[in-house]
Amino acid sequence: MHNHKPGKTKIGKCIYCRVGPTNDDSLQDEHVVPFAIDGSDVLEKASCRICARKTSAVESRALGQDLKGIRTVLGFRTRHRRKRSSTLPIEVLRNTGEVEEVDVPLNEYPRILAFPVFPPPAYLSKASYQDGIEVVGIQVIQGNQEFASVADKYDAQEMAVYVSKYPKDWARMLAKIAYGFAVHSQGLDHLSVDDTYVLNSILGVADDVGMWVGCDGETKLPQFPSIDHMYGLYIVEGEIHVRVKLFSFPEAPEYHVIVGRRS
Ligand SMILES: [Zn+2]
């Protein structure tokens with residue numbers, strides 16, 4: 001298995017549509033794991049503006065909504081540092097029975113990470129498959145935090161944060177991460193457009209992410225607590241498989257992506 005080796009790779013054409021730089025569109029750098037959650041591997045000059053617009057829309061739905069709180073609490077980078085708020089909204093069920101949205105300071109915000117759990121990729125399980133991706137569970141990871149005093153302060157029976165509103169975008173983001181890592185470690189020449197299974201789903205041309213992305217319940221990546229991300233690549237019968245774990249808590253699900261056939 002080819003494990004995480006942070007670094008920069010110069011590409012020089014769009015890894016999605018394969019156009020080269022033009023006069024009115026110089027290519028943008030592409031982070032394998034999104035910049036917003038501290039991805040350190042970069043494919044330089046690797047995305048045209050049109051494809052970047054599509055992929056960043058997916059990432060901002062997957063991360064902007066579901067992980068806004070935890071990103072802020074963990075102090076991840078944002079391109080708009082001044083916009084970072086010092087409070088975040090949570091939903092509070094008061095002891096009186098009323099439900100209200102309350103802005104709480106960061107030290108009171110629940111340290112919760114929630115990951116959608118998917119079935120195994122339909123391509124491997126041969127399960128009948130239509131489109132999209134099914135969510136079979138939510139894996140919740142809770143940090144050390146004392147809630148009783150916070151609950152008292154807000155007269156709360158329960159406090160809730162919203163998670164996993166966009167599981168399909170989460171899966172498409174995983175497909176993009178796996179593809180970016182395959183390009184990073186194998187080189188774009190070994191990933192032809194026709195043989196890259198995940199490309200249509202990343203770009204939104206096909207609604208088939210559940211074919212290629214899923215959870216097989218196996219653990220192959222190293223296990224140690226960290227907020228870094230991990231990925232590993234291996235080749236089975238000529239096909240490129242990538243395993244991705246975002247935020248490498250031992251309990252975080254390991255996602256399995258079949259990127260395509262190595263050419
Ligand atoms: Zn492009």
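Helices and strands are here DSSP runs, a helix having at least four residues and a strand at least two, and both are numbered from the N terminus. The model is a predicted one.

**Exercise 1. Locate Arg18 and Lys126, and decide whether each is exposed or buried.**

Solution. Begin with the place of each residue: Arg18 lies in the loop between S2 and S3, while Lys126 belongs to the loop between helix H3 (122–125) and strand S8 (137–142). Next apply the cut-off, by which a residue is exposed if 12 or fewer other C-beta atoms lie within 10 Å of its own. Arg18 has 12 such atoms and is therefore exposed; Lys126 has 8 and is exposed as well. Finally look at the backbone, remembering that most residues other than glycine have a negative phi. Arg18, which is not a glycine, has a positive phi of about 70°, and Lys126, also a residue other than glycine, has a positive phi near 60°.

**Exercise 2. Work out the strand order of the sheet that contains S2 and S3, and find its edges.**

Solution. The sheet is open, has 3 strands in the order S2-S4-S3, and shows mixed pairing. Its edge strands are S2 (8–10) and S3 (28–31), each of which pairs on one side only. From one strand to the next the twist averages 40°. To place the pairing of S3 in the structure, note that S3 runs antiparallel to strand S4 (residues 42–47) over 3 bridges, and that His31 stands opposite Val42 in S4.

**Exercise 3. Explain why S6 and S9 each have one side without a neighbour in their sheet.**

Solution. The strands of this open sheet, 3 in number, follow the order S6-S5-S9 with antiparallel pairing. Strand S6 (99–105) and strand S9 (156–160) stand at the edges with a single partner strand each, and so one side of each has no neighbour in the sheet. The twist in this sheet averages 40° from one strand to the next. The link between strand S5 (residues 87–94) and S9 consists of 4 bridges, with the two strands running antiparallel; within it, Leu93 has Glu158 in S9 as its bridge partner.

**Exercise 4. Describe the hairpin of S11 and S12, including the residue in it that takes a positive phi.**

Solution. Start with the strands themselves: S11 (residues 230–236) and S12 (residues 239–245) pair in the antiparallel sense over 7 bridges. Then find where they meet the turn, where Val236 stands opposite Glu239 in S12. The hairpin has 2 residues between the strands, and Glu237 takes a positive phi near 45°.

**Exercise 5. Characterise helix H5 by its span, its burial and its part in the nonpolar core.**

Solution. H5 covers residues 167–186, and its 20 residues reach 28 Å from the first C-alpha to the last, close to the 28 Å expected at 1.5 Å a residue. The helix is mostly covered, with 19 of its 20 residues buried, and it is followed by Gly187, whose positive phi is near 95°. Turning to the core, the largest nonpolar one has 51 residues, and Leu174, Ala175, Ala178 and Val257 are those with the most contacts inside it. H5 gives the most to this core, namely 11 residues. For Ala175, once neighbours within four places in sequence are left aside, the contacts include Val198, Ile202, Trp212 and Val257. In soluble globular proteins, nonpolar side chains tend to be buried together.

**Exercise 6. Classify Arg53 and Ser60 by exposure, and relate each to a residue distant in sequence.**

Solution. Arg53 has its place in helix H1 (residues 49–65), and Ser60 is found in helix H1 too. Arg53 counts as exposed because it has 10 C-beta neighbours inside 10 Å, whereas Ser60 is partly exposed because 15 other C-beta atoms lie within 10 Å. The C-alpha atom of Arg53 is separated by 9.7 Å from that of Leu203, a residue 150 positions away along the chain. Between Ser60 and Pro34, which are 26 residues apart along the chain, the C-alpha separation is 9.4 Å.

**Exercise 7. State how many helices and strands the chain has, and what share of it is buried.**

Solution. The protein chain has 7 helices and 13 strands, and buried residues make up 35% of its 263 residues. Among contacts with a separation of 6 or more, 67% join residues 24 or more positions apart.

How values were computed
Residues numbered from 1 in each chain as written. Predicted model: local features only at pLDDT ≥ 70, side-chain atom pairs only at ≥ 80, totals over all residues. Expected span 1.5 Å × (residues − 1). Pairing = 2+ DSSP bridges. Core = buried A, V, L, I, M, F, W, Y, C linked by C-beta atoms within 7 Å. Contact = placed C-beta atoms within 7 Å. Axes fitted to C-alpha atoms, helices over the stretch in contact; angles between N-to-C directions.
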